[in-house]
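Okay, everyone, let's get going. I'll put the sequence and the model up, and then walk you through what I'd look at.

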Amino acid sequence: MQADRQPVSLPDVKRRAFLGITVTAAAFPLAGPGPALAETAERTAAHGNGRLVPVMLRINGQDHALALDARTTLLDALRDHVGLTGSKKGCDHGQCGACTVLLDEKRVLSCFVLAVMAEGREVTTIEGLAPDGALHPMQQAFIDHDAFQCGYCTPGQIMSAVACVAEGHAGSEAEIREYMSGNLCRCAAYPNIVAAILQAKLQMEA
């Protein structure tokens with residue numbers, strides 16, 4: 001025979017106190033920070049003022065010694081600390097592609113990359129795409145096909161287009177549209193952009 005169960009007395013928790021406990025728990029998840037964030041936090045704490053960290057960025061073949069807030073994005077480091085304003089700040093949420101640069105020859109959204117995470121890697125921006133002064137085939141193709149109107153998204157479009165060809169994703173118009181879909185053009189110059197990439201592809205792979 002099962003013993004009689006006595007009612008359990010619960011503590012009198014007020015609604016406001018309960019909400020405070022819930023919010024606190026949500027603010028401090030059980031999982032710890034990843035290795036990159038943990039390293040960033042350690043370097044930040046070790047620095048004298050507790051806010052700035054020394055960062056050496058190699059951009060377009062040149063080294064830049066900077067002291068940055070650990071939360072500074074690569075985009076803000078390029079624009080505000082190095083003076084390379086070719087990479088544009090569009091949405092600042094990783095949705096438009098205007099800030100695209102190459103990191104170790106792979107395209108990344110620089111508004112989504114912390115500057116400290118680019119240390120020891122090669123950053124290429126639109127300013128470094130043609131270091132000898134002559135236009136890169138992709139830049140020339142964008143001019144030839146009038147693949148821009150206002151021009152604001154053009155640096156990110158070109159950097160992404162260069163990577164698109166290098167990745168082997170420029171085999172057809174449909175493939176180019178798919179692998180360039182992360183770069184938005186508010187002026188809707190998409191057909192011209194596709195044509196420019198097809199032209200540049202022939203020169204880049206020659």
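**A walk through the fold**

Let's start right in the sheet: Leu103 stands opposite Val123 in strand 5. That pair sits where strand 3, residues 100-103, meets strand 5, residues 122-124; two bridges join them, and the two strands run antiparallel. Keep in mind that what you're seeing is a predicted model.

Now zoom out. How many helices and strands are there in the protein? We have seven helices and five strands. If you read along the sequence, the pattern goes α-α-β-β-α-β-β-β-α-α-α-α.

The five strands make an open sheet with mixed pairing, and their order across it is 2-1-5-3-4. At the edges you'll find strand 2, residues 62-69, and strand 4, residues 106-109, each pairing on one side only. On average, neighbouring strands in this sheet are turned by 40° against each other, ignoring direction.

What packs on that sheet? Helix 3, residues 74-82, lies across strand 1, strand 2, strand 3 and strand 5, and runs at about 105° to strand 2. Then there's helix 5, residues 154-166, which touches strand 3, strand 4 and strand 5. The direction of helix 5 makes about 40° with that of strand 3.

Let me pick out one residue in strand 5, namely Thr124. Buried or exposed, what would you say for Thr124? Thr124 is buried, because its relative accessible area is 16% and the cut-off for buried is under 20%. And who does Thr124 touch, leaving aside neighbours within four places in sequence? The contacts are Asn60, Val101, Leu102, Leu129 and Met159.

Asn60 deserves a look of its own. You'll find Asn60 in the loop between strand 1 and strand 2, and its phi is near 55°, a positive value in a residue other than glycine. Asn60 counts as partly exposed, at 25% relative accessibility. Asp92 also has a positive phi, about 60°, although it is not a glycine. Asp92 is in the loop between helix 3 and strand 3, and is partly exposed too, with a relative accessible area of 36%.

Away from the sheet, look at helix 4, residues 137-144, and helix 7, residues 190-204. They pack at an angle of about 140°, with their axes 8 Å apart, and helix 4 passes helix 7 in a right-handed crossing. On the helix 4 side, the contact is made by Pro137, Met138, Ala141, Phe142 and Asp144. On the helix 7 side, the residues include Ile193, Ala196, Ile197 and Met204.

For the whole protein, 37% of the 206 residues count as buried. The accessible surface is about 12400 Å², with 57% of that belonging to carbon and sulfur atoms. And among contacts with a separation of 6 or more, 54% come from residues 24 or more positions apart.

Last thing: how far do we trust it? The mean pLDDT is 84, and 76% of the residues reach 70 or more. But pLDDT stays under 50 over residues 1-34, where the model has two contacts beyond four places in sequence. Residues 44-48 are below 50 as well, with seven contacts beyond near neighbours in sequence. Where pLDDT is low, the predicted coordinates shouldn't be read in detail. So, please, no close reading of residues 1-34, where pLDDT is under 50.

Conventions
Residues numbered from 1 in each chain as written. Predicted model: local features only at pLDDT ≥ 70, side-chain atom pairs only at ≥ 80, totals over all residues. Heavy atoms only, no water. Pairing = 2+ DSSP bridges. Helix = DSSP H or I, 4+ residues; strand = E, 2+ residues; numbered from the N terminus. Axes fitted to C-alpha atoms, helices over the stretch in contact; angles between N-to-C directions. Contact = heavy atoms within 4.5 Å. pLDDT = per-residue confidence, 0-100. Buried < 20%, exposed > 50% of the residue type's maximum accessible area, 1.4 Å probe, protein only. Areas by Shrake-Rupley, 256 points an atom, 1.4 Å probe, with all protein chains shown as cover. Left-handed = near helix turned anticlockwise from the far one by under 90°.
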